[in-house]
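Q: Please show me the structure, and then explain how one of its features is read. I should like to go through it step by step.

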Amino acid sequence: MTSRTPEQQHLLNQLTCIAEGLGRALAPFCEVIVNDLLAPDQAVVAIHNNQSGRAVGDPATELGLARIADPALPQVLANYPNRFPDGRPCKGTSIGIRDSAGNYVAALCLNVDLTLVLNVQALLAQFASTEGTAPVSESLAPAGAAALRQHIDGFAARHGTTARALKADERRALLRELKEVGLTEMRRAMGTIAGHLGVSRATVYKDFNSQGKP
């Protein structure tokens, strides 16, 4: 039987409880393993959401052995690429647990199955892709909307804020400026302005009609 101090046994017991909680919270895609680094030949003492095919009593991995051999190894190694034995991609995180003397006692390992995430990522990329060009240039926004939004953003930038953070007096000043350069005459201008400012069209019309008021 492996000899360990009461402190080391306590740390291992607590880590086992933490692993159980993480296993329940991160099921089913995250494998959670507790490795006893004081018994490398039978290192695995707990495993939840088994993805790797390992079992309680299995020996330590290369990373576990590296921790035993080199106390200077970083305590947290996060999000490194890995693969399960069946080839599925995963990302691993290994957290070394030290006793009060600074010796590695155990390691908590998280292995996240990336299969579903990568499949969804590929599906979204395919869905968002476009092919070729239309016979004519097309925009679903009203003509001139881009210029109107650009002018609004420029106004907001000059006032050290954003379009949606403009106050009522600033909106009125903006509308005066837009009127002066003729941008309020464009088709659906008020709707475009309202959408970009994040206010209702009624608010824009109210501000527009009260431009000269304080």
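A: Two strands are said to pair if DSSP finds at least two bridges between them. With that idea in hand, one can look at single partners: Tyr80 stands opposite Gly92 in S4. Please keep in mind throughout that the model is predicted.

Q: How many bridges join S3 to strand S4, and in which direction do the two run?

A: Six bridges link S3 with strand S4 (residues 89-98), and the two run antiparallel. Another partner can be named besides the one above: Val76 has Ile95 in S4 as its bridge partner.

Q: What lies between S3 and S4?

A: The two strands form a hairpin, with five residues between them. In the turn, Gly87 takes a positive phi of about 100 degrees.

Q: In what order do the five strands form the sheet?

A: A sheet is read by following its pairs of strands from one neighbour to the next. Here the order is S2-S1-S5-S4-S3, the sheet is open and the pairing is antiparallel. Strand S2 (44-48) and strand S3 (76-83) stand at the edges; each has a single partner strand, so one side of each is left without a neighbour in the sheet. On average, and with direction ignored, neighbouring strands of this sheet are turned by 20 degrees against each other.

Q: Which strands does helix H1 lie across?

A: Helix H1 (residues 6-25) lies across strand S1 (30-36), S2, S4 and strand S5 (104-113), and it runs at about 10 degrees to S5. Helix H2 (residues 62-69) also packs on the sheet, where it touches S3, S4 and S5. The direction of H2 makes about 25 degrees with that of S4.

Q: Where do unusual backbone angles occur, and what is the general expectation?

A: Most residues other than glycine have a negative phi, and most peptide bonds are trans. Against that background, Asn79 has a positive phi of about 55 degrees although it is not a glycine. Asn79 lies in strand S3 and is partly exposed, with a relative accessible area of 47%. Arg188 is likewise a residue other than glycine with a positive phi, near 60 degrees. Arg188 belongs to the loop between H5 and H6 and counts as exposed at 59% relative accessibility. As for peptide bonds, the one from Ala27 to Pro28 is cis, with omega near 0 degrees. Pro28 is found in the loop between H1 and S1.

Q: At what angle do the axes of helix H4 and helix H5 cross?

A: The axes of helix H4 (residues 145-158) and helix H5 (residues 168-180) come within 11 Å and cross at roughly 135 degrees. An angle over 145 degrees would count as roughly antiparallel, and 65 to 115 as roughly perpendicular. H4 and H5 are therefore oblique to each other. Their crossing is right-handed.

Q: Which residues of H4 and H5 meet?

A: In an α-helix there are 3.6 residues a turn, so residues three or four places apart point the same way. From H4, Leu148, His151, Ile152, Phe155 and Arg158 meet Glu170, Ala173, Leu174, Glu177 and Leu178 of H5. By class, this contact has six nonpolar, one polar and three charged residues.

Q: How many residues of helix H6 are buried?

A: A residue is buried when its relative accessible area is under 20%. Seven of the nine residues of helix H6 (residues 189-197) are buried, so the helix is largely enclosed by the rest of the structure. The buried residues are Ala189, Met190, Thr192, Ile193, Ala194, His196 and Leu197. Their cover includes H4, H5 and helix H7 (201-209). Just after H6, Gly198 takes a positive phi of about 75 degrees.

Q: Is Arg171 buried or exposed?

A: Arg171, which lies in helix H5, has a relative accessible area of 14% and is buried. Leaving aside neighbours within four places in sequence, Arg171 is in contact with Leu166, Leu197, Val199, Thr203 and Asp207.

Q: Is Lys206 buried or exposed?

A: Lys206 has its place in helix H7 and counts as exposed, at 61% relative accessibility. The C-alpha atoms of Lys206 and Gly23 are separated by 56 Å, and the two residues are 183 residues apart along the chain.

Definitions and conventions:
Residues numbered from 1 in each chain as written. Predicted model: local features only at pLDDT ≥ 70, side-chain atom pairs only at ≥ 80, totals over all residues. Heavy atoms only, no water. Axes fitted to C-alpha atoms, helices over the stretch in contact; angles between N-to-C directions. Helix = DSSP H or I, 4+ residues; strand = E, 2+ residues; numbered from the N terminus. Parallel < 35°, antiparallel > 145°, perpendicular 65-115°, else oblique. Left-handed = near helix turned anticlockwise from the far one by under 90°. Contact = heavy atoms within 4.5 Å. Nonpolar A, V, L, I, M, F, W, Y, C, P; charged D, E, K, R; others polar. Buried < 20%, exposed > 50% of the residue type's maximum accessible area, 1.4 Å probe, protein only.
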